[in-house]
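Me: I have a model open and would like to learn how to read its side-chain features. Could we go through them together?

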Amino acid sequence: MSQSAYVLAIDQGTTSTRAILFDSSGRARSTAQIELTQHYPRPGWVEHDPEEIWRTIVSTCREAAAAADGPIAAIGITNQRETTVLWERATGRPVHNAIVWQDRRTAELCARWRTEGLAEAVAQRTGLVIDPYFSASKIRWLLDTAPGCASAPRRAKSPLARSTAFCSGG
């Protein structure tokens with residue numbers, strides 16, 4: 001008798017991480033879920049610990065995958081999309097907590113960019129509007145503020161001016 005293949009789905013959301021193991025008929029065979037800690041360092045600011053995100057992904061995947069009696073043929077991932085984190089390239093460690101998609105700390109920066117007439121260029125290049133929801137202003141904030149990032153030399157006006165030392169994700 002041949003073993004059937006499974007699909008492992010990872011849903012890394014704003015309030016929890018969930019993993020679901022599906023069989024070849026599309027039925028959920030096993031699920032695991034772990035809540036995420038929400039950090040609110042100031043009004044309007046929302047952060048997650050990137051290391052906690054990683055630990056919850058590993059834990060939920062291990063728990064859900066334990067029910068598989070055959071190979072896992074594919075993994076599907078959904079995530080928070082515009083939540084933004086930078087890692088120090090040399091160590092792989094986050095330089096700051098992840099800035100969650102709903103965070104509003106860069107509202108003034110976005111307003112300044114719009115006042116400076118950057119809205120049309122951003123829309124043409126990205127199809128997006130300038131808004132704190134999107135990652136560009138969060139990356140700029142991290143590069144200007146996070147320990148280690150703020151001391152890195154500026155080479156350009158781009159939000160990724162100092163990206164040679166850092167990796168971004170979201």
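Me: Let me begin with a cysteine: is Cys 110 buried or exposed?

Reply: Happy to help, and please keep in mind that this is a predicted model. Cys 110 is buried, at a relative accessible area of 1%. Cys 61 is buried as well, with a relative accessible area of 14%, because anything under 20% falls in that class.

Me: How many disulfides does the structure have?

Reply: The count is zero disulfides.

Me: Let's turn to the rings. How is a pair of aromatic rings described?

Reply: Two quantities do the job: the distance of the centres and the angle of the planes. Here the count comes to three aromatic pairs. One of them joins Trp 101 and Tyr 133, with 6.2 Å from centre to centre and 70 degrees between the planes, an edge-to-face arrangement.

Me: Where along the chain do Trp 101 and Tyr 133 lie?

Reply: They come from distant parts of the chain, 32 residues apart. Trp 101 belongs to the loop between strand 7 (98-99) and helix 2 (107-115), whereas Tyr 133 is in the loop between helix 3 (119-126) and helix 4 (135-145). Trp 101 is partly exposed at 30% relative accessible area, and Tyr 133 is also partly exposed, at 25%.

Me: Why is the pair of Tyr 133 and Phe 134 edge-to-face?

Reply: Look at the angle: the planes of Tyr 133 and Phe 134 stand at 85 degrees, so the pair is edge-to-face, with the ring centres 4.9 Å apart. The cut-off to remember is over 60 degrees. Putting the pairs together, Trp 101, Tyr 133 and Phe 134 are linked into a cluster.

Me: Which ring does the charged end of Arg 105 sit over, 3.8 Å from its centre?

Reply: That is the ring of Trp 45. Arg 105 also lies over the face of Trp 141, at 4.5 Å from the ring centre. The same side chain has acidic partners too: Arg 105 is linked with Glu 47 and Asp 103 in a network of salt bridges.

Me: Salt bridges, then. What is the general idea, and how many does the structure hold?

Reply: Side chains of opposite charge can pair when their charged atoms come close. The structure holds seven salt bridges. Among them is the one between Asp 23 and Arg 27, where the closest N and O atoms are 3.3 Å apart. Its two ends differ in their surroundings: Asp 23 is buried at 10% relative accessible area, while Arg 27 is exposed at 53%.

Me: Which parts of the chain does the salt bridge of Arg 104 and Asp 131 link?

Reply: These two side chains meet at 3.4 Å, N to O. Arg 104 sits in the loop between strand 7 and helix 2, and Asp 131 in the loop between helix 3 and helix 4; 27 residues separate them. Arg 104 is partly exposed, with a relative accessible area of 41%, and Asp 131 is partly exposed at 26%.

Me: And within a helix, how are Arg 140 and Asp 144 placed?

Reply: Both belong to helix 4, and because they are four residues apart, about one helical turn separates them. Their side chains form a salt bridge at 3.2 Å, N to O. Arg 140 is buried, with 6% relative accessible area, whereas Asp 144 is partly exposed at 31%.

Conventions:
Residues numbered from 1 in each chain as written. Predicted model: local features only at pLDDT ≥ 70, side-chain atom pairs only at ≥ 80, totals over all residues. Heavy atoms only, no water. Phe/Tyr/Trp six-rings, centres within 6.5 Å; stacked < 30°, edge-to-face > 60°. Helix = DSSP H or I, 4+ residues; strand = E, 2+ residues; numbered from the N terminus. Buried < 20%, exposed > 50% of the residue type's maximum accessible area, 1.4 Å probe, protein only. Lys NZ or Arg CZ within 6 Å of the ring centre and 35° of its normal. Disulfide = S-S within 2.5 Å. Salt bridge = Lys/Arg side-chain N within 4 Å of Asp/Glu carboxyl O.
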